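Here's a quick tour of the empty spaces, the greasy surface and the charge pairs in this one. Have the structure open as you read.

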Amino acid sequence: SDSLSPRLSEKDGASDSESKPDTGPPGVPVPADDTPEVLNKALSGLSSRWKNWWVRGILTLAMISFFFFIIYLGPMVLMLIVLCVQIKCFQEIIHIGYSVYHSYHLPWFRTLSWYFLLCVNYFFYGETVTDYFSNLVQREEPLRILSKYHRLISFAMYLTGFCMFVLSLVKKHYRLQFYMFGWTHVTLLIVVTQSHLIIHNLFEGMIWFIVPISCVICNDIMAYMFGFFFGRTPLIKLSPKKTWEGFIGGFFSTVVFGILLSYVMAGYSFFVCPVEFNSDRNSFEVDCEPSDLFQLQDYALPAALESLTGWPTLRLYPFQIHSISLSAFASLMGPFGGFFASGFKRAFKIKDFANTIPGHGGIMDRFDCQYLMATFVNVYIASFIRGPNPAKVVQQLLALRLDQQLHIFNSLKTHLTERGLLEEEA
C-alpha cells in the first residue's frame with residue numbers, strides 16, 4: 001500500500017544524484033508458473049517445448065471461444081469487456097512500476113495512478129456519451145448539465161490529481177517521482193486512448209471491431225505455427241523466437257483469412273450496421289439497410305488473372321478490398337506492438353507482464369498488438385470510410401436555441417435557392 005512517510009537512506013543534504021533511486025531499477029520478480037495442475041499432469045511426459053505448445057493451444061482455443069460468446073451477447077457487452085481489458089492492462093503495467101520501485105516507498109504512487117485512470121476514463125467516456133447518446137443527454141436534465149460542463153469538470157479532476165502529485169513530492173526522491181509521473185501518463189496514452197478508439201470503431205459497426213481483432217489473432221497464431229514448425233531465420237533481436245518464416249507465413253495467412261472472414265460477415269446486418277442508441281426503447285440497435293460497402297459488386301479481373309482463372313469478373317463486397325489493408329497492417333505493423341512490448345519487458349528483466357493466462361502471460365501480452373491496430377482502424381475509417389452523418393447534424397441542430405435554428409434554416413434556404421434546388425418565393 002502507499003506510504004505517507006517514505007524511508008530516506010541519505011542525509012537531508014544529499015543531492016538527487018547521490019540518492020538510491022538513481023542507481024537504476026532492480027528487476028521485477030518473475031511470477032511463478034501457474035499452469036493448471038490438470039494440464040501439468042496430462043502433459044508431464046512431453047518436452048518443455050511441446051508442453052508449452054499444447055498449453056498455449058488449449059488456452060488459445062478457450063479464449064477464441066470466449067470471444068465468440070461475447071460477440072453473440074452484443075455491442076454493450078463488448079464495450080464492457082474492452083473497459084475490463086483496459087483496466088487489467090493498466091494494472092499490469094503500473095504493477096511493474098510499483099514492483100521496481102517499491103523499496104523506496106514513494107508516497108501515493110498507486111493511488112494517484114488509479115485516480116488519473118479515473119479522470120481520463122471520465123473524459124473519454126463522457127465525450128462518447130455526448131457524441132453517440134445526444135438524444136438521451138438532451139432528455140435528462142442532470143446529463144445535459146454534465147454534458148455542457150464536461151470538459152471543465154474533467155480538467156478540474158485532472159488538476160486535483162496534479163496538485164496532489166506536487167504535494168506528495170519528497171526531498172531526495174524528486175527525480176524518481178517524476179519518472180513515475182511520466183510512467184503513469186505514458187501508460188494512460190497507450191492503454192486508455194487506444195481502448196477509447198476501439199469503442200469508436202465498434203460504433204461504426206461490429207465488423208470494424210471483429211475483423212481487425214481477428215486478423216491480429218490470426219497473425220499471432222499463424223506466425224507462431226509457421227515459426228514453430230519451419231522457423232530457422234531470426235527476425236529481430238528483441239524477440240529471439242520470432243523468425244522470418246513465421247513473419248512471412250503469418251502475413252499471407254492473415255490476408256487470406258481477412259478476405260474470407262469479411263465475405264462471411266458482410267452479409268449480416270448485425271455485423272455491418274452502425275451501433276445506434278434508440279432513445280425510445282433505451283437500448284442499442286444494429287438494424288439498418290447495409291451501405292454500398294456491404295453490397296456485392298462485380299469487379300473486372302486483369303487479363304492475366306482472367307486467362308489463368310477463366311473468370312472475366314469477380315463478385316466481392318467492397319469491404320473485402322478494405323480488409324486487405326486491415327489484414328496487411330495487422331501482419332506487417334501489428335507485430336511491432338509486440339516488439340515494443342518485448343523491449344519493455346527486457347528493460348525490466350521480466351518474461352511477461354503478468355501470469356494471468358498460463359502459457360500466454362498477462363492480458364497486456366495478448367493485447368500489445370491490438371492497441372496499435374485500433375489506432376490504424378480509427379484513422380482508416382476517418383480517412384476513407386466515414387462521411388458526414390446527417391442524423392448527428394440534425395441532433396446538434398435540435399439542441400440549439402429556437403432563434404439559432406431559425407437562422408440556420410434561413411441560411412440553408414437561401415443557399416438552396418441560389419443553387420436552383422428551391423424556387424424563389426413570389
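Start with the largest cavity: 13 residues line it, and Phe109, Leu112, Phe165, Met180 and Phe181 sit nearest its centre. Keep in mind that this is a predicted model. The space inside that cavity comes to about 120 Å³. Three helices each put at least two residues into its lining, namely helix 4 (109-132), helix 7 (150-168) and helix 8 (174-203). Sorted by class, that lining has nine nonpolar and four polar residues, with no charged ones.

How many cavities of 30 Å³ or more does the structure hold? There are four. The second largest has about 70 Å³ of space. Helix 8, helix 9 (206-230) and helix 15 (363-385) are the elements giving two or more residues to its lining. If you want to pick the lining of this second largest cavity out on screen, select Ile198, Asn201, Trp208, Phe209, Pro212, Ile213, Gln370, Met373, Ala374 and Val377. Charged residues are absent here too: the second largest cavity has eight nonpolar and two polar residues in its lining.

Now for the annotation. An unreviewed UniProt entry places the feature "transmembrane region" at residues 53-85, 106-125, 152-170, 177-199, 205-226, 247-271 and 319-341. Here's how two of those stretches look in the model:

| Residues | Helix | Strand | Distance between end C-alpha atoms |
|---|---|---|---|
| 152-170 | 89% | 0% | 30 Å |
| 177-199 | 100% | 0% | 33 Å |

On the outside, there's a nonpolar patch to look at. Leu46, Trp50, Trp54, Ile58, Phe229 and Phe230 make it up, and together they have about 570 Å² of accessible area. Two elements, helix 2 (48-73) and helix 9, give two or more residues each to the patch. Helix 2 has the largest share, with three residues. As for Leu46, you'll find that residue in the loop between helix 1 (37-42) and helix 2.

Last up, the charges. Side chains of opposite charge can pair when their charged atoms come close. Searching the whole structure turns up four salt bridges. One of them joins the side chains of Glu127 and Arg151, at 3.0 Å from N to O. Which parts does this pair tie together? Glu127 belongs to helix 4 and Arg151 to helix 7, so the contact links parts that are 24 residues apart in sequence. Those two helices have come up already: helix 4 and helix 7 each supply at least two residues of the lining of the largest cavity.

Terms used
Residues are numbered from 1 along each chain as its sequence is written. This is a predicted model: local features need pLDDT of at least 70, side-chain atom pairs count only at pLDDT 80 or more; totals for chains, interfaces and linings use all residues. Side-chain values use heavy atoms; hydrogens and water are left out. On a 1 Å grid over the protein atoms alone, a cavity is a set of points where a 1.4 Å probe fits but cannot get out, and a pocket is an open set with protein on both sides within 12 Å along at least five of seven lines; lining residues have an atom within 4 Å of a point. Grid points are joined across faces, edges and corners, and a volume is the space filled by probe spheres set on the points. Helices (H or I, at least four residues) and strands (E, at least two) are DSSP runs, numbered from the N terminus. Ala, Val, Leu, Ile, Met, Phe, Trp, Tyr, Cys and Pro count as nonpolar, Asp, Glu, Lys and Arg as charged, and the others, Gly among them, as polar. UniProt positions are given in the numbering used here, feature names are shortened, and annotations may be inferred rather than shown by experiment. Patches are made of residues with over 30% relative accessible area and no salt bridge: like charges are joined within 9 Å, nonpolar side chains (Val, Leu, Ile, Met, Phe, Trp, Tyr) within 5 Å. Accessible areas come from the Shrake-Rupley method with a 1.4 Å probe; for residues, only the protein chains shown count as cover.
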